Amino acid sequence: MADLSDVGEKIAVLAGAAKYDASCASSGSTGRAGGASGAGAFGVSAPAGVCHSWTGDGRCVSLLKVLFSNVCRFDCAYCVNRASADVRRASFTVRELVDLTCAFYRRNYIEGLFLSSGIFSDSDIVMEKLIEVARTLRTEAGYGGYIHLKIIPGAGEKMIREAGIWADRLSANIELPTDRSLRYLAPQKSGGVIFGAMGEFSALQGQFEEDRKRIRSAPAFAPAGQSTQLIVGASAEDDRQIINLSDALYRKFSLRRVYYSAFIPPGGPGQGVPDPRLPVMTGPPEIMDRAAPPRHLLTREHRLYQADWLLRFYHFAAAEILDESSPFLDSRLDPKTAWALRHLEFFPVEVNRADYEALLRVPGIGAKTARRVLETRRSRSLTFDGLRRMGAVLKRARYFITCAGTFIDRPEDPRRLRRVLSDDEDGLQLPLFEF
Ligand code: SF4
């Protein structure tokens, strides 16, 4: 199929092809206006290709999310751009992408660019194209917005170094949680290569930080860190394997974020014929929208994000969230409540005496509220009303706390507690699943 030449058509194809990548959010960046780009930088940090993403502090940001090219030599079964898919192909030129990004940015359509690509040539050559876009934006166009570049699998250390100088964030997608699944569904990819890129990023980050301690004018290296994406539901791994992997990634490579992306069953408009290696999912039409993930996978994705939150902000160990006997997250309960119901002996927590770690374990008390509790206790005792004003969700917390020795509700029969604390059933109808 001939490559497209019209930029408008290219945006339609290459923005559509990029929407399956969830690993973009501009958390942790302070922007570079007047920084890397120097004097004359413009803009602040929706048309086709603009997606919305949430930062670590809850801000909603808009990004131009596109591929440089959807021509790809690899044949990953879950991907609409795989070599064997019969889809329209297109590639931008560097100049087209620079102009497009600047035009969107000047009109305040976007605060940043998320750029990935199919592997249309040698990995370093593809990576060099992405770098060229970022470098031209920073050095020639005066662009001060956010840039997130994908690390192309197999790109060398030199390329990662160069990419980190111009981009705010880099990401190498793992996509599947085990080498076994990668070999089956994405045979040209390897866990070793992807982890190698993450390791190189970490080492470079350390080197640049050291340099900046000694030389204040030394360049920053990807100040918003690195992230990755895992597809949920395209392979047979359970939630425990996924959470264990995320935990290891946070520890080993100091990843800022692991993004979980519910698998979209193939066969939607413009996606070509489904690859026979993928799981077959069937179910009632109302829950099997081919343009979106099935609802049970969206629920799973949501619970994984909640579990991830426990790892990053609530000091939970992966083994506390799931174990061999229960390898999947409970679809009806958020994982913190599920832990509390398995450990009723830990409660009640007396809010006037408990330490920070104990407060963090209470369903309905978040990290911010726990800090406020400690602060307020220095000058006065707490009441339930005061707790509510600090942001505690007493509808949940009431079964797990005492205030000056008093309960709102005494913990009762665990089965009844489970019922009251369960989320509603919307989205939990399970389609049939065959691997
Ligand atoms: S490398 Fe795999 S996931 Fe990436 S664009 Fe090519 S086929 Fe898709």
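The legends below describe close-up views of a predicted model of a protein chain with a ligand.

**View 1. The protein chain as a whole, with its helices and strands.** In this predicted model, the secondary structure of the protein chain comes to 15 helices and 11 strands. The chain has 435 residues, and 54% of them count as buried. Its accessible surface comes to about 19700 Å², and carbon and sulfur atoms account for 51% of that area.

**View 2. The residues around the ligand.** The ligand is surrounded by three cysteines, Cys 72, Cys 76 and Cys 79, together with Phe 74, Arg 82, Gly 118, Ile 119 and Lys 189. Sorted by class, this shell consists of five nonpolar residues, one polar residue and two charged residues.

**View 3. Helix α1 and the elements it packs against.** Helix α1 covers residues 7-18, and its 12 residues, counted at 1.5 Å a residue, should span 16 Å, which agrees with the 16 Å that separates its end C-alpha atoms. At the start of the helix, a side-chain oxygen of Asp 6 reaches to within 3.1 Å of the backbone nitrogen of Gly 8. The buried residues of α1 include Ile 11, Val 13 and Leu 14, as well as Ala 15, Ala 17 and Ala 18. The buried residues of this helix pack against strand β2, which covers residues 60-67, and against helix α2, which covers residues 94-106.

**View 4. Lys 10 and its polar contact with Glu 96.** Lys 10 lies in helix α1, and because its relative accessible area is 5%, under the 20% limit, this lysine counts as buried. The side chain of Lys 10 makes a polar contact with the side chain of Glu 96, at a distance of 2.9 Å. Glu 96 falls within the residue range of helix α2, one of the two elements that the buried residues of α1 pack against.

**View 5. Leu 421 in helix α15 and the residues it touches.** Leu 421 belongs to helix α15, which covers residues 414-421. With a relative accessible area of 3%, Leu 421 is under the 20% limit and is therefore buried. When residues up to four places away in sequence are not counted, Leu 421 touches Leu 333, Thr 337 and Leu 341, and also Lys 395, Arg 396, Tyr 399 and Phe 400. Leu 421 and Arg 332 are 89 residues apart in sequence, while their C-alpha atoms are 8.7 Å apart in space.

Methods:
Residues numbered from 1 in each chain as written. Predicted model: local features only at pLDDT ≥ 70, side-chain atom pairs only at ≥ 80, totals over all residues. Heavy atoms only, no water. Helix = DSSP H or I, 4+ residues; strand = E, 2+ residues; numbered from the N terminus. Buried < 20%, exposed > 50% of the residue type's maximum accessible area, 1.4 Å probe, protein only. Areas by Shrake-Rupley, 256 points an atom, 1.4 Å probe, with all protein chains shown as cover. Near = heavy atom within 4 Å. Nonpolar A, V, L, I, M, F, W, Y, C, P; charged D, E, K, R; others polar. Contact = heavy atoms within 4.5 Å. Polar contact = N/O pair within 3.5 Å; in protein donor to acceptor, adjacent residues only side chain to side chain. Expected span 1.5 Å × (residues − 1).
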